[in-house]
Amino acid sequence: FWTYAQAAKRAGAKLVCIDPRRTDTATKCHEHIALLPGTDGALALGLIHELIVGDWLDHDYIDRHTEGWPALRERALQWPPERVAATCGISVEQVRSLARDYGTTKPAAIRLNYGMQRARGGGNAARLVAILPCLVGAWRHRAGGMLLSASGWFRHARDEAALGRPDLIAKSGVANPRTINMSTIGDDLLRESSAAFGPKIEALVVYNSNPVAVAPDSSKVARGFARSDLFTVVLEHFMTDTADLADYVLPATTQLEHLDLHTSYGHTYAIVNEVAIAPLGEARPNTQIFRELAAAMGFDEPCFAETDEQLARIAFRPRSEGGFDFAHLRTHGWQRLDVAEAPFAEGGFATPSGKCLIDAPGFGVPDYVANHESASSTPELATRFPLAMISPPARNFLNSSFVNVKSLRDIE
């Protein structure tokens, strides 16, 4: 994405970064708007206010492709630039200038990213930002609109039944196998058996994750994994925090050592991951470990013996059904989803009516919801403690990945 953003900048596009922190991205944009953490919803309402005042709205698109605009219009008119500036900790001119640029630039695009919604009111803020392209008709243009994640486009391309095999669940006689939420793994590992929770967790296989380092309330997660009566197996490349607490650590192959398919959350291409080298040492793909585990447990259905290539061939629906052609992937390395260049130019959103639901059933009209501890919600506390802590990601790591590389640790 950033390659294209920089190319657009050189071609005359204006880039604005909205982030409490001055990131590397912010330094390469024309303008950095450093709003206070958790105030994105207020800024979005202020932009809508100015779009109304300046009449930079696409009334035709609003009329034909949205539901609930009058209520949001009324709410946004309560957020003039002065109120927004005071709430967000930015200048009045920044609010007006951003709204003017967004309302008068064709096409205009928003690249929303993860982090903004990880605060109280984050869902409301994300909804408000997502509504902006509808108000100015940005979805009409190939390069307009908004992107948070493209992963949803692949939902219909994958053959979930072929990979997940719900027919085997039915055959097992267990109607609804229990699912444990990763965000509550600390609490769940410490729970005793109960009618509400079900049986106590006694065994765990961890792969493609490092929950002790990345799951919420890490001290509680560590206590759960440290239980003497919990049998834990971790499939890993390195001795992570989770692997340190495992009974067995089985060496897993890296991306270079096994066949795989990748979809994306930043574009609409599927990519084949070919084997570059044979597995080193005793490393095995996760799939091979589960194949051997299934055989040892007596599962004799043919699917448990399918090779990685066989799994890859059935992972996507055929091209004629909106998926991908495996032969094309093997030959060319990638293939683009058959998605229109401007998919929402005429509405067609994933809602019952195909319209953008501003006043969504069960959620209502989005609004600014202040952080629990902020100048807006707890002014007395904010006076005593004026600083807000944020937790930006490490520049050279991806969550806990790559922390094993000493040169990256030294840079960080």
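**Figure 1. The largest cavity in the predicted model.** About 40 Å³ of space lies in the largest cavity of this predicted structure. A search of the whole structure finds one cavity of 30 Å³ or more. The residues that line the largest cavity are Gly38, Thr39, Asp40, Gly41, Met116, Ala119, Arg120, Gly121, Gly122, Ala125 and Val369. Two elements, α3 and α8, give two or more residues to this lining. By class, the lining of the largest cavity divides into four nonpolar, five polar and two charged residues.

**Figure 2. The second largest pocket and its lining.** The space in the second largest pocket comes to about 340 Å³. Its lining consists of 14 residues, and those nearest the centre of the pocket are Ile180, Ile185, Leu204, Val205 and Val206. Strand β6 (residues 203-207) provides the largest share of the lining of the second largest pocket, namely five residues. Eleven residues of this lining are nonpolar, two are polar and one is charged.

**Figure 3. Helix α13 and the elements packed against it.** Val221, Gly224 and Phe225 are buried in helix α13, which spans residues 218-225. These three residues lie on the same side of α13, because they cover an arc of only 95° around the axis. The buried residues of α13 pack against α11 (185-189), β6, α12 (211-214) and β7 (231-236). Strand β6 thus appears both here and in the lining of the second largest pocket.

**Figure 4. The largest nonpolar core, with Leu43 as an example.** The largest nonpolar core contains 47 residues, and Leu43, Ile48, Trp69, Leu72 and Tyr102 have the most contacts inside it. At least two residues of this core come from each of α3, α4 (59-65), α5 (69-76), α6, α7 and α8 (122-136). The element that gives the most to the core is α8, with nine residues. Leaving aside residues up to four places away in sequence, Leu43 touches Ile18, Leu35, Val84, Cys88, Ile90, Val95 and Leu98.

**Figure 5. The buried and exposed sides of helix α5.** Trp69, Leu72 and Ala76 are buried in α5. Seen down the axis of α5, its buried residues fall within an arc of 65°, and they therefore line one face of the helix. Pro70 and Glu74, on the other side of α5, are exposed. The partners against which the buried residues of α5 pack are α3, α4, β3 (66-67) and α8. Trp69 and Leu72 are also among the residues with the most contacts inside the largest nonpolar core.

**Figure 6. Helix α6 and the residue that follows it.** In helix α6, which comprises residues 81-88, the buried residues are Pro81, Val84, Ala85, Thr87 and Cys88. Because they cover an arc of only 165° around the axis, these residues are on the same side of α6. The buried residues of α6 pack against α3 (40-53) and α7 (92-104). Val84 and Cys88 are among the residues that Leu43 touches. Gly89, just after α6, takes a positive phi of about 75°.

**Figure 7. Gln6, a buried residue of helix α1.** Gln6 lies in helix α1, formed by residues 2-10. The relative accessible area of Gln6 is 17%, so this residue is buried, the cut-off being under 20%. Apart from residues up to four places away in sequence, Gln6 touches Leu15 and Lys28.

**Figure 8. Ala375, an exposed loop residue.** Ala375 is located in the loop between β12 (356-357) and α17 (379-384). With a relative accessibility of 56%, Ala375 counts as exposed, because exposed residues are those over 50%. Ala305 is 70 residues from Ala375 along the chain, and 59 Å separates the C-alpha atoms of the two residues.

**Figure 9. The protein that frames the close-up views.** The protein has 18 helices and twelve strands. Taken along the principal axes, the box filled by the C-alpha atoms of the protein is roughly 70 × 55 × 50 Å. Of the 412 residues in the protein, 36% are buried. Among contacts between residues at least 6 apart in sequence, 61% join residues at least 24 apart.

How values were computed:
Residues are numbered from 1 along each chain as its sequence is written. This is a predicted model: local features need pLDDT of at least 70, side-chain atom pairs count only at pLDDT 80 or more; totals for chains, interfaces and linings use all residues. Side-chain values use heavy atoms; hydrogens and water are left out. Buried means under 20% relative accessible area, exposed over 50%, partly exposed in between (1.4 Å probe, protein chains only). Helices (H or I, at least four residues) and strands (E, at least two) are DSSP runs, numbered from the N terminus. The arc is that of the directions from the helix axis to the C-beta atoms. Contact means heavy atoms within 4.5 Å. A nonpolar core is a set of buried Ala, Val, Leu, Ile, Met, Phe, Trp, Tyr and Cys residues joined through side-chain atoms within 4.5 Å. On a 1 Å grid over the protein atoms alone, a cavity is a set of points where a 1.4 Å probe fits but cannot get out, and a pocket is an open set with protein on both sides within 12 Å along at least five of seven lines; lining residues have an atom within 4 Å of a point. Grid points are joined across faces, edges and corners, and a volume is the space filled by probe spheres set on the points. Ala, Val, Leu, Ile, Met, Phe, Trp, Tyr, Cys and Pro count as nonpolar, Asp, Glu, Lys and Arg as charged, and the others, Gly among them, as polar.
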